[in-house]
Amino acid sequence: MFAGKGEAMTTRLYENSVFLEHHTPPGHPERADRLRSLNIALEHPHFAGLERIEAKVANEDAVTLVHPEEQFFAVMRQIPEEDGEINQIEADTYVSERSLQAALTAIGGAMAAVDDVFTGKADNAFVASRPPGHHAEKNKAMGFCLFNTVAIAARHAQKIHGAERVAIVDWDVHHGNGTQDIFWDDPSVLFCSTHQMPLYPGTGAKEDTGVSGNIVNAPLSPNVGSDHFREAFKSRVLSAVKDFSPDLILISAGFDAHHRDPLAQINLVGEDFDWATARLMELADRTANNRVVSVLEGGYDLEALAESAGLHILRLMRG
Ligand SMILES: [Zn+2]
């Protein structure tokens with residue numbers, strides 16, 4: 001437990017079959033096959049040491065850590081009663097009969113992972129959930145996201161475990177507008193994002209720095225690759241996290257900056273996610289007792305997602 005850099009870590013993986021029961025229309029990129037693809041990769045003997053835990057469903061109170069109660073009910077009202085039905089709740093955001101259960105179970109998994117790293121049951125954890133969460137603003141479900149899972153995990157760490165400073169690092173290729181919205185005026189949470197610009201949702205300018213410099217945006221131009229990403233990650237994200245000295249590092253782990261991804265034009269390779277994970281683990285070793293909790297966001301090419309998330313999890317396990 002609490003092994004130093006380069007020693008084996010205790011890594012937990014939170015999963016639940018309900019994540020496969022959140023359905024979107026045919027052709028939608030955010031689909032259950034994403035997790036099926038990752039699960040096949042995780043069958044490799046490399047992952048034998050992973051502690052795989054069934055995520056439990058969170059209750060409505062967890063949602064209200066960052067969203068008003070009305071937002072919970074607004075999503076609930078849209079849930080269809082019949083299996084097989086799909087409702088569109090926003091431009092590209094859909095719900096099926098089990099979507100609320102899936103979103104609440106993603107939150108339950110992320111909160112349990114936070115509990116684990118604060119109580120010493122694990123050094124770090126990955127939550128293999130869907131729907132994703134980082135586009136969900138305080139008052140708005142959008143961009144495939146219903147509730148902001150990683151933001152709720154941050155608030156849970158503060159409320160239950162007394163974390164004074166929580167850093168959220170978001171390397172999904174889309175800007176985490178929801179997380180920025182929620183923590184804009186809160187100096188106790190640092191939010192750092194690398195993302196392609198211009199790209200959906202259009203936010204994430206470098207000049208947007210929050211109430212106290214607690215928002216750090218590192219936009220990347222289309223068609224850049226590993227070198228640009230690593231330079232921005234080092235000079236903007238890692239330096240900010242180091243200065244902030246967090247008690248916990250949360251990762252909004254999207255893998256759609258991979259060159260194979262159909263939704264963006266950043267040309268990363270799987271090894272870049274391994275590299276970024278290792279750099280954050282070094283900082284967590286220094287300031288946060290190794291505490292890292294990573295939550296799956298985007299990543300829409302099945303092969304790239306399985307490879308990149310696999311390397312990310314392997315790095316969490318190996319330190
Ligand atoms: Zn994304």
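Are Phe-255 and Phe-273 buried or exposed? In this predicted model, Phe-255 is buried, and Phe-273 is buried as well. The two residues also form an aromatic pair with edge-to-face geometry, their ring centres lying 5.0 Å apart and their planes meeting at 70 degrees. Phe-255 belongs to the loop between strand S9 (248–253) and helix H8 (270–287), whereas Phe-273 is part of helix H8, so the pair ties together parts that are 18 residues apart in sequence. The angle of 70 degrees leads to the label edge-to-face because planes over 60 degrees apart are classed in that way. In total, the model contains 10 aromatic pairs. Ring pairs also join Phe-255 and Phe-273 to Trp-171, Phe-229, Phe-233 and Trp-275 in a cluster.

Contacts between charged side chains were examined next. Side chains of opposite charge can pair when their charged atoms come close. The structure holds 14 salt bridges. One of them is formed by the side chains of Glu-15 and Arg-52, with a distance of 2.9 Å from N to O. This pair links distant parts of the chain, since Glu-15 is in strand S1 (residues 11–15) and Arg-52 is in strand S2 (residues 51–54), 37 residues apart. Arg-52 has a relative accessibility of 37% and therefore counts as partly exposed.

A salt bridge within a single helix is found between Asp-33 and Arg-36. The closest N and O atoms of Asp-33 and Arg-36 are 2.8 Å apart. Because Asp-33 and Arg-36 are 3 residues apart in helix H1 (residues 33–41), about one helical turn separates them. Asp-33 is partly exposed, with a relative accessible area of 36%, and Arg-36 is likewise partly exposed, at 39% relative accessibility.

Two helices are connected by the salt bridge between Arg-315 and Asp-274, in which the closest N and O atoms are 2.7 Å apart. Arg-315 is located in helix H9 (residues 302–318) and Asp-274 in helix H8, so this pair ties together parts that are 41 residues apart in sequence. Arg-315 is partly exposed, with a relative accessible area of 24%, while Asp-274 counts as buried at 19% relative accessibility. The value for Asp-274 is 19%, and the residue is classed as buried because the limit for that class is under 20%. Elsewhere, salt bridges that share partners join Arg-12, Glu-51 and Asp-116 into one network.

Charged residues also appear in a surface patch. Glu-81, Glu-82, Asp-83, Glu-85 and Glu-97 form a negative surface patch. Of these residues, Glu-85 is placed in the loop between helix H3 (69–78) and strand S3 (86–90). Glu-85 counts as partly exposed, at 36% relative accessibility.

Several features of the backbone are set in loops. Most residues other than glycine have a negative phi, and most peptide bonds are trans. A cis peptide bond nevertheless joins Arg-130 and Pro-131, with omega at about 5 degrees. Pro-131 is found in the loop between strand S5 (124–127) and helix H5 (149–161). The loop between S5 and H5 also contains Phe-144, whose phi is near 75 degrees, a positive value in a residue other than glycine. Phe-144 counts as buried, at 12% relative accessibility. A positive phi near 75 degrees is also found in Asn-223, which lies in the loop between S8 and helix H7 (226–244). Asn-223 is exposed, with a relative accessible area of 57%.

The loop between strand S7 (189–196) and strand S8 (215–220) holds Leu-199, and Pro-198 and Gly-202 are placed there too. The peptide bond from Met-197 to Pro-198 is cis, with omega near 5 degrees. Leu-199 is partly exposed, with a relative accessible area of 21%, whereas Gly-202 counts as exposed at 51% relative accessibility. Both Leu-199 and Gly-202 can be described by their separation from a residue elsewhere in the sequence. Leu-199 and Ser-221 are 22 residues apart in sequence, and their C-alpha atoms are 9.4 Å apart in space. For Gly-202 and His-174, the separation is 28 residues in sequence and 8.6 Å in space, again from C-alpha to C-alpha.

How values were computed. Residues numbered from 1 in each chain as written. Predicted model: local features only at pLDDT ≥ 70, side-chain atom pairs only at ≥ 80, totals over all residues. Heavy atoms only, no water. Phe/Tyr/Trp six-rings, centres within 6.5 Å; stacked < 30°, edge-to-face > 60°. Helix = DSSP H or I, 4+ residues; strand = E, 2+ residues; numbered from the N terminus. Buried < 20%, exposed > 50% of the residue type's maximum accessible area, 1.4 Å probe, protein only. Patch = residues over 30% accessible without salt bridge, like charges linked within 9 Å, V, L, I, M, F, W, Y side chains within 5 Å. Areas by Shrake-Rupley, 256 points an atom, 1.4 Å probe, with all protein chains shown as cover. Salt bridge = Lys/Arg side-chain N within 4 Å of Asp/Glu carboxyl O. Lys, Arg positive; Asp, Glu negative; His and termini not counted. Charge placed at Lys NZ, Arg CZ, Asp CG, Glu CD.
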